[in-house]
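Trainee: I should like to go through this structure with you, one question at a time. Where may we begin?

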Amino acid sequence: MEQLQQAHSESFIWEEFRNGSEAAYTTIYNRYAANLFNYGYKLAHDRDLTKDCIQEVFVNLWRSRENLSPTSSIKYYLFKALRHEIMRKLNPRNFTSDLPDNYHFEVVLSAEQLLILDQTTAVKHERLLQELEKLPARQKEAIFLRFYDNLSFEEIAAIMQIEQRSVYKMIYKAIENLQNNLVNIKVLLVLLFISEARSA
Amino acid sequence: MEYLDFTAEDFILDSSFIKWVRNPDSKTKAFWESWQTAHPEKAEEISQAQSFLQRLQFRQDALSAQEQAQLWQQITIARQQSTVTRQLPTPAPYRVWLQAAAVALLLLTSWLIYAVNQPPEMVHVQTAFGQTKSINLPDGSVVKLNANSKLSYPKEWQHRDKREVWLQGEAYFVIFKKPGAPFITHTLLINIEVTGTQYNLKARRNAAQVVLTEGRIKVANAAVPTDTSRLRLLPGDLAEIKAGETVIRKQTVDPALYASWHQQKYVFYKTPLAEIARMLEDTYGLSVQFKDPALAQRQLTGELPGLNLNILLAAIAESMDIKVTKTRDTVFLASNTPE
């Protein structure tokens, strides 16, 4: 119920914004600027470029407010727009078809977490970190969106412009790589489809 | 699939589970804590999944508060520049109809999509210009909705521990006291949390303002609804914030000046005519024009009847000794003395 209420309040803000409310626009910025930067920087690796792109996203958002369709996830909408903008800037000639050559997604595990861990978990943590660095950029991006921003598989697919099926595979792959003691691999893949289909 | 059949990996990928581990709210916390107690046989899987997610802490690439504010200023400037260059030509009359039809169709479609996507069934009560309404909520609370305002609330309050409503415009709230069941009013800029009390809340013109008449309330910035950003109000306190500001301002006032409208009267104390004009525009949908700009600064003190617009305008004319004329949708204010 709480989640539903949250969803309602999001679409309420969005509706207000589409009707031209400055207050709603401010609310959207205040709510998501930090999240957007955190995500965008991992793609762009450049603070100024990331900020420019966020600015572009918000100015475009305002300009096109009357033509926007309803959404219940503003965050998803903004993430998608920001990624598009960053990709366009990184690869100005041909941004639609392919990822730019310099595409990499930089996720680093936070170090402060280590302080509270005991020796064995610290070792485990270190290994997780190494494994994470080794993952392909796309996998890193997918798990970041899933675990850090809790976006749905469907949303991640739309943001990264890939098939939903590939997102399942990618995230699953990433976990498989990260979690050494994985079991029931094939079962999990099947179950993932079922659980996602059920919750859709 | 039931959680009972979940492996550690399934938990890792479950949205609700992720939320509980990474940033729990009261709902997920209550659910997973009781689920855990009820199913000790899944303790192993749960703790594996939990520890995996806890270790997976990404580095936060943060925007400093100053950078965020600067970026906002740049956006504001860029946005204004883009609007200036996009002045639309005045449409021909037939085009207006065409546009109106297109908009109507668009609105209908949007509404359909919107309605279909809405999970909880909501009740929406709306008032026209010049109209007020008294609403009895399912919990016994009463909301007096001022003109040109809208209140939304869930048809059924299944969650007895939380009462929530959404407001656009202005309303006077008389909240039925229910210990342990906070009453939360959402506006775009602020959220108000109370247990049982009376207050006037106004969310118009990209600003939000609340005045407390009785009891105690907590006001939170809707953009950062954390515990530390909450402001506690006592009777007679006024709190307000404008779009773009980050801090809620507080001052002490006479609540009657803000909340008398629901008793069909207006109380003014050294209130500039400009402010009264804004009130007339917001509640009656009128455009107010000052024939003599200096008039806008003149102040009015006194209690005027608010039952009927014409009587109110006549009372303003008399107490200020000015000339008030009204056409269908415009009010003209002019000095009485010939220049």
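Mentor: We begin with a definition: a residue is buried if 20 or more other C-beta atoms lie within 10 Å of its own, exposed if 12 or fewer, and partly exposed in between. Please keep in mind throughout that this is a predicted model.

Trainee: Is B:Asp292 buried, exposed or partly exposed?
Mentor: B:Asp292 lies in the loop between strand 15 and strand 16 (299-305) of chain B. It has 14 other C-beta atoms within 10 Å. This count falls between the two limits, 12 and 20, and therefore B:Asp292 is partly exposed.

Trainee: With which residues is B:Asp292 in contact, leaving aside its neighbours within four places in sequence?
Mentor: The chain brings B:Asp292 and B:Phe332 to a C-alpha separation of 9.6 Å, although they are 40 residues apart along the chain. Leaving aside neighbours within four places in sequence, the contacts of B:Asp292 are B:Ala334 and B:Ser335.

Trainee: In what order do the 3 strands of the open sheet in chain B lie?
Mentor: The pairing in this sheet of chain B is mixed. Strand 15 and strand 17 (322-326) of chain B are the edge strands, each pairing on one side only. The order is 15-18-17.

Trainee: In which sense do strand 15 and strand 18 of chain B pair, parallel or antiparallel?
Mentor: B:Ser287 has B:Thr330, in strand 18 of chain B, as its bridge partner. Strand 18 spans residues 330-335, and 4 bridges link it to strand 15 of chain B. The sense of this pairing is parallel.

Trainee: In which sense do strand 17 and strand 18 of chain B pair?
Mentor: A hairpin of 3 residues joins strand 17 to strand 18 of chain B. Across this pair, B:Lys326 stands opposite B:Val331. The two strands share 5 bridges, and their sense is antiparallel.

Trainee: Which strands of this sheet does helix 9 of chain B touch?
Mentor: Helix 8 (residues 273-284) of chain B packs on the sheet, touching strand 15 and strand 18 of chain B, and its direction makes about 155° with that of strand 15. Helix 9 (residues 309-320) of chain B also packs on the sheet, at about 160° to the direction of strand 17 of chain B. The strands that helix 9 touches are strand 17 and strand 18 of chain B.

Trainee: How are helix 2 and helix 3 of chain B oriented, roughly parallel or roughly perpendicular?
Mentor: Helix 2 (residues 15-22) and helix 3 (residues 26-38) of chain B have axes 9 Å apart and pack at an angle of about 105°. Their contact involves B:Ser16, B:Lys19 and B:Trp20 of helix 2 with B:Thr28, B:Lys29 and B:Trp32 of helix 3. Angles of 65 to 115 degrees fall in one class, so helix 2 of chain B is, with respect to helix 3 of chain B, roughly perpendicular.

Trainee: How many residues has the largest nonpolar core?
Mentor: The residues with the most contacts inside this core include A:Ile54, A:Leu82, B:Ile190 and B:Val219. Helix 2 (residues 22-44) of chain A gives the most to the core, with 13 residues. The size of the largest nonpolar core is 97 residues.

Trainee: How many helices has chain A?
Mentor: Of the 200 residues of chain A, 31% count as buried. Among its contacts between residues at least 6 apart in sequence, 62% join residues at least 24 apart. Chain A has 0 strands, and its number of helices is 9.

Trainee: Is B:Asn148 buried or exposed?
Mentor: B:Asn148 is in the loop between strand 3 (142-145) and strand 4 (150-154) of chain B. Its phi is near 55°, a positive value in a residue other than glycine. Because B:Asn148 has 20 other C-beta atoms within 10 Å, it counts as buried.

Trainee: In which helix of chain B is confidence lowest?
Mentor: Chain B averages a pLDDT of 80, and 84% of the residues score at least 70. Over residues 84-91 of chain B the pLDDT is below 50. Where pLDDT is low, the predicted coordinates should not be read in detail. In chain B, confidence is lowest, at a mean of 63, in helix 6 (residues 93-117).

Key: Residues numbered from 1 in each chain as written. Chains lettered and ligands numbered in written order. Predicted model: local features only at pLDDT ≥ 70, side-chain atom pairs only at ≥ 80, totals over all residues. pLDDT = per-residue confidence, 0-100. Helix = DSSP H or I, 4+ residues; strand = E, 2+ residues; numbered from the N terminus. Contact = placed C-beta atoms within 7 Å. Core = buried A, V, L, I, M, F, W, Y, C linked by C-beta atoms within 7 Å. Pairing = 2+ DSSP bridges. Axes fitted to C-alpha atoms, helices over the stretch in contact; angles between N-to-C directions. Parallel < 35°, antiparallel > 145°, perpendicular 65-115°, else oblique.
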